[in-house]
Amino acid sequence: MRWSQTFIPTLKEVPEGAEIPSHVLMLRAGLISQVMAGAYTYLPLGLRALRKAEQIVREEMDRAGAVELLMPALTPMSLWQRTGRDRDFGPVLIHFQLQRGNRKVHLALGPTHEEVITDLVARFISSYRQLPITFYQIQTKFRNEERPRFGVLRTSEFLMKDAYSFGTSLEQLNESYQRMYEAYCRIFDRCGLEYLAVEAESGPIGGEASHEFMVPAQHGEDVLVKCDRCSYAANTERAARRKTDQPPPTEDLQPLELVDTPGASTIEQVSRFLGCEPQRLIKTLIYLADGKPVAVLIRGDHEANENKIRRFLGASRLELATPEVIEQVTKAPVGFAGPVGLEGVPLYADWDVALVRNAVVGANQNERHYRGANLGRDFLVPEDHFGDLRMVVEGDPCPRCESGTLRTSHAIEVGHVFKLGTKYSQALGARFTDRDEQLREIIMGCYGIGVNRILAALIETSHDKDGIIWPLALAPFEVVVLPLNVQDEQVRQVAWKLHDELEAQGVEVLLDDRDVRAGVKFKDADLIGFPLRVTVGQRALKQGQLELKWRWSSQAISVPVDQAAEQIPQMLQQARSVPFRQLLQEQKQDTSQTSG
RNA sequence: CGGGGCGUAGCGCAGCCUGGCUAGCGCGUCUGCUUUGGGAGCAGAAGGUCGCCGGUUCGAAUCCGGCCGCCCCGACCA
């Protein structure tokens with residue numbers, strides 16, 4: 001391909017509004033162009049990279065035995081109503097009415113495809129002999145994101161690989177899950193991403209039923225928690241902590257004191273008003289667990305984890321109580337609930353609540369709090385009502401190993417594998433007849449990969465001040481040939497010939513045939529980040545040489561003109577056999593050695 | 001949904017507070033000459049509903065009101 005024949009609108013300056021490296025570089029390198037908030041055109045180079053990521057995903061899905069199909073983005077609203085997900089998705093689901101003749105049809109753009117695929121399976125699969133099976137597609141999804149942001153990371157239209165497994169038993173589900181998990185590892189390895197599979201919130205099935213594939217990156221939207229000693233890693237929703245035998249503080253007990261706190265109902269307001277640290281406060285949250293009110297105590301500076309609370313209570317649904325319920329339970333307006341004298345609701349507490357002495361708590365009276373409240377004396381929580389009920393924070397002890405400490409870091413979620421169970425097969429009647437002639441529901445799993453995010457995550461974690469550093473696997477072109485002066489007949493001949501020879505050997509090569517100054521070509525090549533750059537210039541040509549340079553290396557390699565077409569494919573082959581992260585790492589060491 | 005910022009040539013910006021000639025600058029584009037291994041130099045040229053609608057005024061990019069769009073922080077995110 002010749003530069004002048006394609007379309008590569010690189011930008012010298014950072015476009016207004018682009019903040020994070022992947023967004024800035026994708027725009028500047030001419031990979032994408034914004035159409036509106038949350039929707040981008042993939043320009044030729046961006047599309048090539050996207051297609052390469054897509055192809056890697058496809059190959060690994062096929063290898064794992066999944067079968068590809070393509071479902072429509074347009075779906076009937078009735079399908080979403082049958083599973084209740086029209087409600088669950090709320091405004092995120094893009095739906096609309098269309099006029100067709102004298103009637104109206106209500107359609108939704110698929111934000112995901114559990115309903116469509118399960119409906120398909122319900123129609124065509126009826127025997128255990130047809131199972132297990134895993135379907136997948138690579139298709140555009142639509143979600144009305146409240147706030148699209150960070151370039152291609154969060155958009156309202158995005159390319160997703162979604163796979164769905166169907167099986168007769170938990171064993172089959174676990175096998176499918178494991179196969180997908182391993183396929184994901186191969187995919188992200190091949191894409192040159194440094195990733196972590198972390199435990200994620202798993203919903204009704206429980207156990208290790210869900211993993212998110214996260215790429216640690218400074219600008220990631222998600223937060224992952226990782227042990228600094230062992231391999232434990234989880235997302236914040238899921239992350240647990242170990243119970244420590246920390247003794248309660250020895251501070252003297254103070255008398256319980258009722259204080260007026262006019263206008264102060266939030267933790268921040270109360271702590272400022274009373275001049276105490278938030279960790280001295282205990283907040284009392286009233287939840288409805290399967291419809292019944294419970295009170296949960298959490299230290300003021302901590303954040304409740306509703307999933308942990310739900311699991312701890314053995315409830316299937318948990319939601320914050322409405323103001324009406326709260327007033328009924330506490331006999332006070334929202335913001336003044338407290339454990340002292342609270343009757344008629346079971347009381348639960350996070351472990352750390354036991355470590356707060358002389359606490360500040362709501363008084364169950366309007367505009368009043370208690371100071372000097374103490375567990376055991378002023379309120380009681382049964383021993384077995386204490387648990388790990390809050391979000392972990394940096395520095396919490398690891399739940400897996402004895403000595404590790406939890407660390408948090410930002411990350412980009414690129415994939416998610418999830419054991420679904422029978423939620424959709426139940427709602428949509430996807431059943432099969434078992435060997436013993438019993439009608440049973442099909443057990444499902446679902447597995448997603450954000451294809452656009454693969455590119456963004458790669459760029460976030462592989463760039464320098466000059467531009468993107470692509471791995472060969474994702475680069476829009478593997479090789480760029482730079483004839484530095486296209487007016488020079490010899491330069492021209494050598495460059496054009498090399499390009500043709502490489503292309504004939506199946507190398508993805510771009511010839512920068514523009515009549516522009518050398519500097520412009522170098523800058524653009526670095527910005528776009530082609531893995532291998534071949535410079536054809538008069539200087540080296542005098543010695544019968546060409547100059548080769550890997551994007552991740554600071555050193556150029558000289559190669560005789562007549563051997564280049566033969567050597568370059570070999571070099572590419574060799575580079576492909578080395579993990580991309582290792583190439584980057586080796587280069588870092590090289591430069592630190594030479595500069596040190 | 002709460003808070004903040006921005007909208008002026010293809011791109012990045014100044015001008016606005018304190019209204020007043022023909023609305024500027026850099027980059028890019030086009031023409032010519034020179035230059036040719038890290039975003040060239042000189043000379044010239046084209047390119048604008050100053051986001052939109054309304055108001056105030058002799059006069060609005062500038063002041064006022066409404067609307068639209070974009071970005072950031074927070075909330076939310078099967």
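## Overall build

How many helices and strands does chain A have? Chain A has 16 helices and 31 strands. The model is predicted. Along its principal axes, the C-alpha trace of chain A spans about 95 × 65 × 50 Å.

Chain A has 596 residues, and 52% of them count as buried. Take the contacts in chain A with a separation of 6 or more: residues 24 or more positions apart account for 69% of them.

## Surface and charge

The accessible surface of chain A comes to about 27900 Å². Carbon and sulfur atoms hold 48% of that surface.

Chain A carries 69 positive and 80 negative side chains. The centres of these two sets lie 2 Å apart.

## Helix 1

Helix 1 covers residues 21–28. Eight of its eight residues are buried, so helix 1 is largely enclosed by the rest of the structure. The buried residues are P21, S22, H23, V24, L25, M26, L27 and R28.

What covers the buried residues of helix 1? The cover includes helix 11 (451–461) and helix 13 (518–528). Strand 1 (32–36) and strand 2 (39–42) are also among the covering elements. So are strand 25 (463–464) and strand 26 (467–468). Just after helix 1, G30 takes a positive phi of about 75°.

## The five-stranded sheet

Five strands form an open sheet. Their order is 28-27-29-30-31, and the pairing is mixed. Strand 28 (509–511) and strand 31 (556–560) are the edge strands, each pairing on one side only. Neighbouring strands of this sheet are turned by 25° against each other on average, direction ignored.

At one edge, strand 30 (residues 545–550) and strand 31 run antiparallel and are joined by five bridges. Within this pair, L546 has V559 of strand 31 as its bridge partner.

## Helices on the sheet

Helix 12 (residues 489–504) packs on the sheet. Helix 12 touches strand 27 (479–483), strand 28, strand 29 (532–536) and strand 30. The direction of helix 12 makes about 160° with that of strand 28.

Helix 13 lies across strand 27 and strand 29. Helix 13 runs at about 175° to strand 27. Helix 13 is also among the elements that cover helix 1.

## D526 in helix 13

D526 lies in helix 13. Is D526 buried or exposed? D526 has 17% relative accessibility, and buried means under 20%. D526 therefore counts as buried.

Which residues are in contact with D526, leaving aside its neighbours within four places in sequence? They are D466, G467, I468, R533 and R551. Of these, G467 and I468 fall in strand 26 (467–468), and R533 falls in strand 29 (532–536).

## Strand 15 and its partners

Six of the eight residues of strand 15 (residues 292–299) are buried, so strand 15 is largely enclosed by the rest of the structure. Strand 14 (residues 282–289) and strand 15 run antiparallel, with eight bridges joining them. The bridge partner of A289 is K292 in strand 15.

Strand 14 and strand 15 make a hairpin with two residues between the strands. In this hairpin, D290 takes a positive phi near 50°.

Strand 15 also pairs with strand 17 (residues 347–350). These two strands run parallel and are joined by three bridges. Here L297 stands opposite A349 in strand 17.

Notes:
Residues numbered from 1 in each chain as written. Chains lettered and ligands numbered in written order. Predicted model: local features only at pLDDT ≥ 70, side-chain atom pairs only at ≥ 80, totals over all residues. Heavy atoms only, no water. Helix = DSSP H or I, 4+ residues; strand = E, 2+ residues; numbered from the N terminus. Buried < 20%, exposed > 50% of the residue type's maximum accessible area, 1.4 Å probe, protein only. Contact = heavy atoms within 4.5 Å. Areas by Shrake-Rupley, 256 points an atom, 1.4 Å probe, with all protein chains shown as cover. Lys, Arg positive; Asp, Glu negative; His and termini not counted. Charge placed at Lys NZ, Arg CZ, Asp CG, Glu CD. Pairing = 2+ DSSP bridges. Axes fitted to C-alpha atoms, helices over the stretch in contact; angles between N-to-C directions.
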